[in-house]
Amino acid sequence: MAIDNIICALFKRTFVPRYRDISSDIRVICMGELGCWIRLYPDMFLDNNYLKYIGWMLYDKDASVRMKCILALKALYEKRESAMKLGLFFYKFKKRILSMTQDRQPEITSECMQLLRLISEHYVGVFSTMEYVFLFQFVYAAYRPMATAAGELICKRLLAPPPHEGFFGQEPPDEFDRNLQNMKTLIDFYLQGEFHRHVPYLVDGLWEAAPALVRNWECMTALLLEPRGGRQALTSQQERVLIEILVAAVRQAAEGRPPAGRRLGKKAAREVDGTRRWREHANMSRHFVKVLPRLLSKIPQYCNLDVYDMDGLGSYLDAALLELDCLVQRHSDVAVLEACARTYGTYCDEGGSAHFQAAPACSRLVDMLVDALTPLLDVFIQHEKQGLFLGHGEMGRICSTLRRLAAFYSAHDLSSWNLYEKMDSLLTFRRHQGSLPTEVVHCALQCTYYALLWQIVAATDRLPPQEALLDLRKRLMKFCLVCRVYLNHQSKVLSEKAFILLCDLLLILSHQGPEEDTGLGLLFFVPDHVLQCKLLTFVREHVFLEETGATGASRVYNEEDADELYELFHRRNMLAVFCKLIVCNVLEMSVAADIYQFYLKHYHHFGDIIKETMTRTRQNDRLRNALSLLLCLQQLFQKHVDTYGLAYDPIEFICGPFYSIRLLARRFALTLGFDRARDAAHLIHRRGLAFAFSESPVPEELEARQRFPNLSFLLVLAEFSCKIPPAERQAALAHFQDSIPEGVPVFGEGDMNPMFVYRKSLMRTDYVAQGEEEPATNPFDAICKDSKRPQELPVGTCSTWTPDTLASSSMGDREPRNSSKGQKSNRDVFDVDFLSSEDSENSSNEDVDVEGISVHEGVSD
């Protein structure tokens, strides 16, 4: 009875009446104490008067209170006796609890998902089909505990055996057959969910929740090896998904870590037990080396091949190598050929036990391909010199052989077969005598690129004589010239391939180091001004295309848009490769100004790449990055003046094209950061004022404004005033007053006068003269407050791209090594939203950082 009085006092007399008035720290302590009481005496809290108070706490703005409230509810729902008395409570607060799966704190979301799993176990039909679909999708969440909790819910509601199993004389299926059915159910769940390219996230979400399913190698291989028409046979689409699930599970078992982009919880951040991981890896390897000859060649790279010797399984190695040889000869798909090449590379590892059998087999295969290619090339060149044409059959064999050699060149050093000379003769023939099919030139470019890369690797490992380095440099320059020619090729496939290969090679050569006259400094090369302009022109014409149809964050892509998505991926890849050159100081930083112009116009497709480029260049050199931002705005302003002239129109200052320039300037000001932005802001203002007050050589009798055509640029420059420290704004204002030349015209009144707006942006309240109006906090807001502003960019995130795309080649604060260093440039311009309106004030969606695109794929098909 005393305990009941204490709880009543805690709720009715002390806590509830002043709940919204007490501090968040006290609320956290009170909720923590209540949680302890609930665990000790759960029956006392089954009264609806008490439960509604707990329900109110679910809306608390403090995350710790919400967390302790969810933990307290979990304690009530863990026992079936108390859970069955909470039906009315749940139906009243069901919408709020469901919305908390999207809370801004990831720990709350995972605990809330576990609470919902407990609720679903006690009540039948508590969730509708759509609500289950909504909860199941969190198995793809970026936070691993949340994904694991969703995986447990999937296991309980989707993969559990039916309740009538074993009744009425039915013989229950054995565990193996049940796993087969569960695997089929899981495959159908993935296909119906339409979460493309997220199989590793699904496997990781079920890794701890359903280990008997995603680590059941016998079950998965049995389904794959089931003959067509068999009892458990899969469709081709189901088989494709099962292969992806199998590869993701094998990779996770071998590497012992979740896929990229998935964050571990605080408790799960510790390393997994090494003995347990080694045992799982060994069991997986022991199983797959037996079935490898009958499976696709994607698995060996994740197996421990030493088991061939340790467990007496050497007889399976010959069968696996023979099957690989047949795969190479039978298939022509690039992905399959590259997988076979990587598998051969795994077997041929010099430290492995399979090396002595696999290396000769790989050499014999390459010998066969080269012996088949040589006579075909000789016949082709002779026919072309005589004005004859090779038949389609012979040309098809040339293409297929080149495709296989290019795939193997990507994983093996084939320099001893002297393929460079053959590929060079093909490319030289194309340039000087005739034309070749697109695929032949494509494979020849790829093989030549790999040949040069292997020669650079050999020179790095062991420095060759200077004559050999000079010969290698000559080959590299020749290949750069060939790629430069193909940039303007009418075939889009060839021009894009030449662009990617050229950018990758420039990145490699710029990192060799400009040493004296010996060593690898002979290979050092940076593009000249003409080549930089050609690369920039290519990006403008092939990446920043005019979009047609619905675009933006609201665009929903479906299966019919697969070609469009594939095209967008290639455009993003080309832009990322080009931005790498800027970040690594291979290209002049002023080139970035031309890329920054498209930041707002193509924000939804390329905004993440461009923003990451700004961040990396700022880390390299803040001042040069500031100048590139200013140069971009100057270019856009000059284009605006050339297009619309100098006719004064107040509407132009608050909407239309000029408004877009000002909005872009506001975004640029945010990219300067909060630390050490002072020098960059001062530099932008000094150079910006010089540009705004620059005079144009016109006769004096003309209108005075024609002498200062850039005066409106002050409206753009005002967006950077917020980055000048308040203590230094008076000095900046004095510099502005001193910079005003004689004869500057005054056009516009009040907030429409550029000089007045810029002056107000620099003024502080302390320096407002007597009788003068106090300036607005942001002059841009003052201008736009009475106007209907155009719709700004949505809050939604951009398309998927990882910052590691640039991080892999970033060299920190390395000094630029451009040939124009120290010289002035000739150029003069440089979520499903489940929250209701009543919930949105206490919880919000969190921006998701999705990873998964890598530009390293640019060097292969």
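The buried residues of helix H9 are Arg144, Met146, Ala147, Thr148, Ala149, Ala150, Gly151, Leu153, Ile154 and Cys155. I start there, and I should say early that what we are looking at is a predicted model. Helix H9 covers residues 144-157. Ten of its 14 residues are buried, so H9 is largely enclosed by the rest of the structure. What does the covering of those buried residues include? It includes helix H7 (106-122), helix H8 (129-136), helix H10 (175-193), helix H11 (199-205) and helix H14 (236-255). As for length, H9 reaches 20 Å from its first C-alpha to its last, close to the 20 Å expected at 1.5 Å a residue.

Staying with single residues for a moment, take Lys74. Lys74 sits in helix H4, residues 63-77. Is Lys74 buried or exposed? Its relative accessibility is 11%, and because buried means under 20%, Lys74 counts as buried. Setting aside residues up to four places away in sequence, Lys74 touches Glu111, Gln114, Leu115 and Leu118.

Now to helix packing, with helix H24 as the thread. Two packed helices are described by the angle between their axes and the distance between the axes. H24 runs over residues 492-510, and I will go through three partners.

The first partner on my list is helix H22, residues 438-461. H22 and H24 pack at an angle of about 10 degrees, their axes being 10 Å apart. H22 and H24 are therefore roughly parallel to each other. On the H22 side the contact is made by Thr438, Val441, His442, Leu445, Gln446, Tyr449, Leu453 and Ile456. H24 brings Val493, Leu494, Lys497, Leu501, Asp504, Leu505, Ile508 and Leu509. By class, the residues of this contact divide into eleven nonpolar, three polar and two charged.

The next partner is helix H26, residues 562-583. Here the angle with H24 is about 30 degrees and the axes are 9 Å apart. Angles under 35 degrees count as roughly parallel, and H24 and H26 are therefore roughly parallel to each other. Their crossing is left-handed. From H24, the residues that meet H26 are Lys492, Glu496, Phe499, Ile500, Cys503, Asp504, Leu506 and Leu507. H26 answers with Glu567, Asn573, Met574, Val577, Phe578, Lys580 and Leu581. How do the residues of the contact of H24 with H26 divide? Nine are nonpolar, one is polar and five are charged.

The remaining partner is helix H25, residues 529-542. H24 and H25 pack at an angle of about 135 degrees, with axes 12 Å apart. That makes H24 oblique to H25. H24 passes H25 in a left-handed crossing. In this contact H24 uses Ser495, Glu496, Phe499, Leu502, Cys503 and Leu506, while H25 uses Leu531, Leu535, Phe538, Val539 and His542. By class, there are eight nonpolar, two polar and one charged residues in the contact of H24 with H25.

A general remark on such lists: an α-helix has 3.6 residues a turn, so residues three or four places apart point the same way.

That leaves a few loop residues. Asn585 is in the loop between H26 and helix H27 (592-596). Its phi is near 65 degrees, a positive value in a residue other than glycine. Asn585 is buried, with a relative accessible area of 4%. Asn585 also ties back to H24: Leu507, listed earlier in the contact with H26, is 78 residues apart from Asn585 along the chain, yet their C-alpha atoms are separated by 9.3 Å.

The loop between helix H20 (392-409) and helix H21 (419-432) holds His412. In that loop we also find Asn418. Asn418 has a positive phi of about 55 degrees, although it is not a glycine. With 40% relative accessibility, Asn418 counts as partly exposed.

His412, at 11% relative accessibility, counts as buried. Which residues is His412 in contact with, leaving aside its neighbours within four places in sequence? They are Ala341, Tyr344, Gly345, Cys362 and Trp454. The C-alpha atoms of His412 and Cys348 are separated by 9.6 Å, and the two residues are 64 residues apart along the chain.

To close, back to where we began: H9 is largely enclosed by the rest of the structure. H24 is roughly parallel to H22 and roughly parallel to H26, and oblique to H25.

Key. Residues numbered from 1 in each chain as written. Predicted model: local features only at pLDDT ≥ 70, side-chain atom pairs only at ≥ 80, totals over all residues. Heavy atoms only, no water. Axes fitted to C-alpha atoms, helices over the stretch in contact; angles between N-to-C directions. Helix = DSSP H or I, 4+ residues; strand = E, 2+ residues; numbered from the N terminus. Parallel < 35°, antiparallel > 145°, perpendicular 65-115°, else oblique. Left-handed = near helix turned anticlockwise from the far one by under 90°. Contact = heavy atoms within 4.5 Å. Nonpolar A, V, L, I, M, F, W, Y, C, P; charged D, E, K, R; others polar. Buried < 20%, exposed > 50% of the residue type's maximum accessible area, 1.4 Å probe, protein only. Expected span 1.5 Å × (residues − 1).
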